[in-house]
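Colleague: I keep hearing words like "buried", "salt bridge" and "right-handed" thrown about. Can we go through the model and see what backs each one up?

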Amino acid sequence: MIKEIIADSMVKKARLLIQVWDEPWQLKDKGQIRAYYQSPLAGENHYSMVITSTNNKAVDNIGIELMQEVPFLNKVLALAEIHGDKAETEEDWDVGYAFENDLEEDSSMTTEHEDRGHSTSAMDLQKEGVFCARLGNMTNKTAFVAQKLEGTIKGLQHADVAYLQNVDLRNEFVASLSLLEEIHRQIDVFQEQLQVCLERGDLGDQREVLAALAECKNEMERTGNNLNHLMFNQGKYAQHKQEKEAEITKLQEFIRQLKLDLARGEEERRQAYRDKELFGRWTAFRHRLLFFLPARRRFFKDNPTLAYIQEVRIEPLNQELQSLQGQLQQSEDLLLSCDVELSTIVSHLYTINHELQNLIALRTGLEQRWHNLMLLQERESDLKSTLCREESLTTSSYYDLANAPVIVQLRRKLFEQALAVNEQYVIKYRAEIVHNLNQVGESPQQWFKSFYSENGKRLDQYESGIRAIWESFFLCFPVATTTLHSFSEKLFQPLRGLIDTLFVDEAGQIMPHYLCAPLYRSRKAVIVGDPEQLEPVRPFTQNLIEESDVQKELHDRICVLKNSVQEYADRGSEFYEFMGTKKKGIILTEHRRCEASIMRFSNFHVYHNMLVLKQEDDSNKLFGANMVALDIRGVKEMSFHHNYSEIAACKKVVDLLIGRYGNHAVQDIGIITPFSSQAEQLKKSIAGVDIGTVHTFQGKEKRFILFSSVIDGVHSKSKGLSYVIGSKPNLLNVAFSRAKEQFIWVGNIEAGLESGNYIEKAIHMIQTHGAIYSLYNEDYENPKYADNRQEAYTVYEDKHELSGVDDRFIESMNELLHANVLLNPRKHHALMLKAMEYCRSSLGIVSPWVNSNVMDEAFFSLLRVALEREVDVKVRFGYSSSKLTLQEIDKIVDRDNYSFRNKEAIKGALQRLYDELDTNLVYMPPLHTKVLLVDDSLLFIGSHNWLSNPGRLLREEISYLITNKQTIEYVKKKFEL
């Protein structure tokens, strides 16, 4: 990441320099001791970078790596080294001309910097440039001034430096930059179109453009056919609607006319009845006298008789009205039927229109999808051609595209061209830059001597000059490194924004207040670290915040005793993610260092399974797994935190690794321990291997990491040491994550499992995803790795110290052993009987089970004789956990030997053993370890139950001979032997 940031800064800096390429520098304070040249950039110090940390080794490694890997002003520095301090003579000019010819033959400085590797050029002797100024402590600063600063000044003053100028480099840089920008534009438009297609669902789950286009085409055809069918039906129903509406209109007019005719007929009938009534009145006697009246004459003329009125007028009207009423009812029924039919037609039309609208919208969407997919296909085709890729790009992330091999190569080329442009600018304005560099000082003691002001009294007055000189400094040395401990006002004047970018490494280890002054001097900062790894070393314990006025709810977030720089930065950053409930900065989730299983502890217990583990597991390794735990039990020294049994085991593992991979593998091995005392003892015992505490390994990596835990489970401080190692996951996280290919835990597995903290979790993780090898408890082991046990158990082998042991027993033992290994139950039983016969001072037996088949008359006879020799015989037994005592032997046997048929005999034998040994027989459940210890010198440990297996059982048993004093001392303390 840091190299990417540096490369990007150099490219931006080159672009900026091109913009002011021909603008002259101005001499300021002419004639004064502090005279300086001001560049067109006015001392803004653009794209300068300081890398810092409290970890001195990490900072040094970065500085050394940058100088070795980044060629910058190499040829300028070479001029100083080749010609030294000699005055320029005619001979020097001859050399200069020869050097000029070398440059011409070397095709001058190409954009690829190919001339840097030309073997015939005198300047190829200079393999290290001046890209990074390693400042900080006095040693680094002195070396920098003498070798890099003075060398650069001399090289820039050399007459031959003019031959390094190349006017074509700027154009080549601009061309490459334009090409890269165009490629990124293509990626942007492709990603933009891809996002459009994904958000609309145009592309489908498989993200295959051609398949999506074929699917879209088929859907468009189906939609077109459905649309044509519906449009035909729409026309047909529209015609039916029109016809039905015309029919209804005609019916409505007919009904209206019928109703008018009915109204007229009704009126005529009413009039006929009125006339009939009037006829009757007028024909009465008294009215006859009025016949002469004209109106009556007309009336009787029209209605001569009552029968006439009834038959001629009323009855025909009745018939007519009845007919009209029938027609009206029939027409209204027909109209109602037509209305229903019309409503049905309208409903069909509505449905058709709705379906048409949906189909038209679908067709529009499909047309848009087709357009989007065609545009995506076009942009993908262009991008594939640019990136020289044949496979589909739709499943590639932006990161993958932006880091395609073509772009990576082009970026590298652009970076190299940017370096060349920066070099050319320095050479072009070498006189002004040399003048300013001379103001830096000839030695660390004279650093910016001309601009010194006591207590910063004249800092404001000198500010412009200081900024101008630092700008010239960073033109020649684009990156500077220093530890935070050396980040003082003597090195960097306390001017706001003096540095463009501050890069803080291992920020999880830094106390927050350490960064205040550096941040003041910086315009922006990149804070990189992991607060889940090692915490800061805090030199004080007084919690001053408790005495402050800060709100109590803010104490945990602000307190420097509980936070690091990284935690401050995580909470304050505008760019953040969440890891569980913790707010973090930008989380780098891809883990590429370790094989997957090695990082499972960290990923699960620390990083909430957010890490993407890129390296696959390879079990073709020593002990058959890439994550191994060796159950090494030795006693920690009383006054010091070192464990000699673990040291001996580590030495054997190193020898085995070298034997497997060759002598060169020693540089690939690292041994980590939590305690400096153990680290020092390991260094004395094992040469050539990188050994240190977890803190010294922060930032490092090795192919093979051994972790020596030191804790023994029997020392009075074991719980405290376990707390130091495993109360938090940080220390173990660092230890695991240093191993690239194999992590080997060397320590007491039982003590680790009993810790109840992250040590227990770490061992469980090894047990689940790796291999545990233990002579003390076979339940820890996975049968999957049975074939690798012999190899792993060689770690337990040691030189035999046999003084004090009976030669007859040694002879018998050698007859039964094969390469320190005791096989099958028969040989185990025979060895125990020989031990009882020949032991001189002590005999210790640890056997979870007991059986009368072993504790027979022969056994008790040998025991009695041994006791008569005043041999200290001690027996520890008990398998099932309980609170029973030896006063309850019957219950003990019923519990441990519940399935045995000879329980009564066992009870008798155990009681007899108790009678013989008294307090030297101890019931100590639950036991899993099986031990035979002879004269405190020979320890046999393995799978054989010494007091329950008489050697006749058909099962595999194996035990190993151990003579390591620390291991024997541990066993004696652990089991009180």
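Modeller: Sure. A search of the whole structure turns up 55 salt bridges. Keep in mind that this is a predicted model.

Colleague: Take K3 and E65, then. What makes their contact a salt bridge?

Modeller: The cut-off is 4 Å between a side-chain nitrogen of Lys or Arg and a carboxyl oxygen of Asp or Glu. For K3 and E65 the N to O distance is 2.5 Å, so the pair qualifies as a salt bridge. K3 sits in helix α1 (residues 2–19) and E65 in helix α2 (residues 56–69), so this bridge ties together parts that are 62 residues apart in sequence.

Colleague: And why are K3 and E65 called partly exposed?

Modeller: Partly exposed is the range between buried, under 20% relative accessible area, and exposed, over 50%. K3 has 40% and E65 has 33%, so both land in that range.

Colleague: What about E247 and K244: how do you know that they form a salt bridge?

Modeller: Their closest N and O atoms are 3.2 Å apart, and the limit is 4 Å, so they pass. Both residues lie in helix α7 (residues 209–282), three residues apart, which is about one turn of the helix.

Colleague: Which of the labels, buried or partly exposed, does K244 get, and why?

Modeller: K244 has 13% relative accessibility, so with the cut-off at under 20% K244 counts as buried. E247, at 32%, counts as partly exposed.

Colleague: What makes R256 and E253 a salt bridge?

Modeller: For R256 and E253 the N to O distance is 2.4 Å, again within 4 Å. These two also lie in α7, three residues apart, about one turn of the helix. R256 is partly exposed at 42%, and E253 is partly exposed at 40%.

Colleague: Which residues are linked in a network of salt bridges?

Modeller: D631, R633, E750 and K974 are.

Colleague: On to strands. Why is β13 described as largely enclosed?

Modeller: Five of the five residues of β13 (residues 669–673) are buried, so the rest of the structure largely encloses this strand. Look at its two faces: I669, I671 and T673 are on one side, G670 and I672 on the other, and all are buried. In a regular strand, side chains alternate between the two faces of the sheet.

Colleague: How do you know that β13 pairs with β14?

Modeller: Pairing takes at least two bridges. Four bridges join β13 to β14 (residues 690–693), so the two strands count as paired, and they run parallel. In that pairing I671 has I691 as its bridge partner, and T673 stands opposite T693.

Colleague: What makes β13 and β15 a pair?

Modeller: The same kind of count: β13 and β15 (residues 702–708) are joined by four bridges in the parallel sense, and at least two are needed. Here I671 stands opposite L706.

Colleague: What is the unit called that β13, α20 and β14 make?

Modeller: It's a right-handed β-α-β unit, with α20 covering residues 676–685. The name fits a path that runs clockwise from the first strand over the helix to the second, with the strands pointing away from the viewer.

Colleague: Now α32. How do you know that its buried residues line one face?

Modeller: In α32 (residues 965–975) the buried ones are T967, I968, Y970, V971 and F975. Seen down the helix axis, those buried residues fall within an arc of 155 degrees, so they line one face of α32.

Colleague: What makes N964 a cap for α32?

Modeller: A side-chain oxygen of N964 lies 3.0 Å from the backbone nitrogen of Q966, at the N-terminal end of the helix. A polar contact needs the two atoms within 3.5 Å. After α32 comes E976, with a positive phi near 55 degrees.

Colleague: Last one: why is Q509 called buried?

Modeller: Q509 has 14% relative accessibility, and the limit is under 20%, so buried is the right word. Q509 is found in the loop between β6 (499–504) and α15 (516–520). Leaving out residues up to four places away in sequence, Q509 touches T54, N55, L534, E535, P536, V537 and Q698.

Key: Residues are numbered from 1 along each chain as its sequence is written. This is a predicted model: local features need pLDDT of at least 70, side-chain atom pairs count only at pLDDT 80 or more; totals for chains, interfaces and linings use all residues. Side-chain values use heavy atoms; hydrogens and water are left out. Buried means under 20% relative accessible area, exposed over 50%, partly exposed in between (1.4 Å probe, protein chains only). The arc is that of the directions from the helix axis to the C-beta atoms. A polar contact is a pair of N or O atoms within 3.5 Å; within protein, one must be able to donate a hydrogen and the other to accept it, and residues adjacent in sequence count only if both atoms are side-chain atoms. Contact means heavy atoms within 4.5 Å.
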